[in-house]
Amino acid sequence: MACSTTLLSNSFHLNQLTNKCKLHVYPTLSLNQNFPIYSNNPLKLHPVSTTIPFASGSAGVKSPVLGDDTSSSLELVKVFDLEGNGIPISDLWKDRKAVVAFARHFGCVLCRKRADYLASKKDIMDASGVALVLIGPGNIDQAKAFAEQTKFKGEIYADPAQSSYEALKFVSGVLTTFTPKAGLKIIELYMEGYRQDWKLSFEKDTVSRGGWQQGGIIVAGPGKGNISYIHKDKEAGDDPEIEDILKACCS
């Protein structure tokens, strides 16, 4: 088995095609620059295709897109369902494939749009046997409030320690939150009827981190270590193309 790998912007995607994986670099990235997002070893980008080995989706397989340290860190992460039950995060995709979205925080207006954006394709995911999951940095009560307000069709989990965000090395900072693109998107969302929940936004769990945390989206499983697609938001509201996610999870 092999696959063609397309690297576009800050998304990484594997398609199973042959017995090797080809990494294609497109001009949305500056060539000849260091690109350390996907592993601890910076990837030097050149205008050529690079062949890398492909890992199949069997249980316990090593992730084709994450470094060893990230995979090891994820094994220690625990998230909590709406009933307060602690679950190792990798159990969410151990026996199934899942699209897992990581929200900035449970009050975030941009994350409410992301929830709808993914849920709009849940019928396609269901038909392919793929679970839809959303994880947010915050406590269980915040997760419950988000579920009640958004009527999100997928599963919702809280990560009070934000350990999954740290393990996946999602970016955080004021400069990644207040950007012209993010500001314009927030205006557009308010015009569409979306609203920020300021009460949730200013609760201790969010304020303690300043609300500067960014999220991302992964496609994982089956198999604890099998993560075949990862998108890391480079700024607030940085949603990948839905077609890329569906290609990763359901093709």
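Me: Which side chains meet in a salt bridge with N to O at 3.6 Å?

Reply: Those are the side chains of Asp-91 and Lys-224, where a salt bridge is a side-chain nitrogen of Lys or Arg within 4 Å of a carboxyl oxygen of Asp or Glu. The pair links distant parts of the chain, 133 residues apart, with Asp-91 in the loop between strand E8 (86-88) and E9, and Lys-224 in the loop between E12 and E13. This is a predicted model, in which local features need pLDDT of at least 70 and side-chain atom pairs count only at pLDDT 80 or more, while totals for chains, interfaces and linings use all residues. Residues are numbered from 1 along each chain as its sequence is written, and side-chain values use heavy atoms, with hydrogens and water left out.

Me: What do labels like E8 stand for?

Reply: Helices (H or I, at least four residues) and strands (E, at least two) are DSSP runs, and they are numbered from the N terminus.

Me: Back to that pair, how exposed is Asp-91, and how about Lys-224?

Reply: Asp-91 is partly exposed because its relative accessible area is 30%, and Lys-224 also counts as partly exposed, at 41%. Here buried means under 20% relative accessible area, exposed means over 50%, and partly exposed is in between, using a 1.4 Å probe and protein chains only.

Me: How many salt bridges are there by this rule?

Reply: The count comes to eight. One of them joins the side chains of Lys-185 and Asp-239, at 2.8 Å from N to O. That pair links parts of the chain 54 residues apart, since Lys-185 is in helix H7 (residues 180-192) and Asp-239 is in the loop between E13 and helix H10 (242-250).

Me: And what does Lys-234 meet in a salt bridge?

Reply: The side chain of Lys-234 meets that of Asp-238, at 3.4 Å from N to O. Lys-234 is partly exposed, with a relative accessible area of 43%, whereas Asp-238 counts as buried because its relative accessibility is 6%.

Me: Which residues are joined into one network by salt bridges that share partners?

Reply: Arg-114, Lys-185, Asp-233 and Asp-239 are joined in that way.

Me: New topic: where is Asn-226, and is it buried or exposed?

Reply: Asn-226 is found in the loop between strand E12 (216-220) and strand E13 (227-232), and it counts as buried because its relative accessibility is 6%. A polar atom of the Asn-226 side chain lies 3.3 Å from the backbone oxygen of Pro-222.

Me: How many residues of strand E10 are buried?

Reply: Seven of the seven residues of E10 (residues 130-136) are buried. Val-130, Leu-132, Leu-134 and Gly-136 point one way from the strand, while Ala-131, Val-133 and Ile-135 point the other way.

Me: Which strands does E10 pair with?

Reply: E10 runs parallel to strand E9 (residues 97-102), joined by six bridges, and it also pairs in the parallel sense with strand E11 (residues 155-158) over four bridges; two strands pair if DSSP finds at least two bridges between them. On the E9 side, Ala-101 has Leu-134 as its bridge partner in E10, and on the E11 side, the bridge partner of Val-133 is Glu-155.

Me: What do E10, H4 and E11 make together?

Reply: They make a right-handed β-α-β unit, meaning that, with the strands pointing away from the viewer, the path from the first strand over the helix to the second runs clockwise. Asp-141 has its place in helix H4 (residues 140-150), and Asp-141 is exposed, with a relative accessible area of 57%.

Conventions: Polar contact = N/O pair within 3.5 Å; in protein donor to acceptor, adjacent residues only side chain to side chain.
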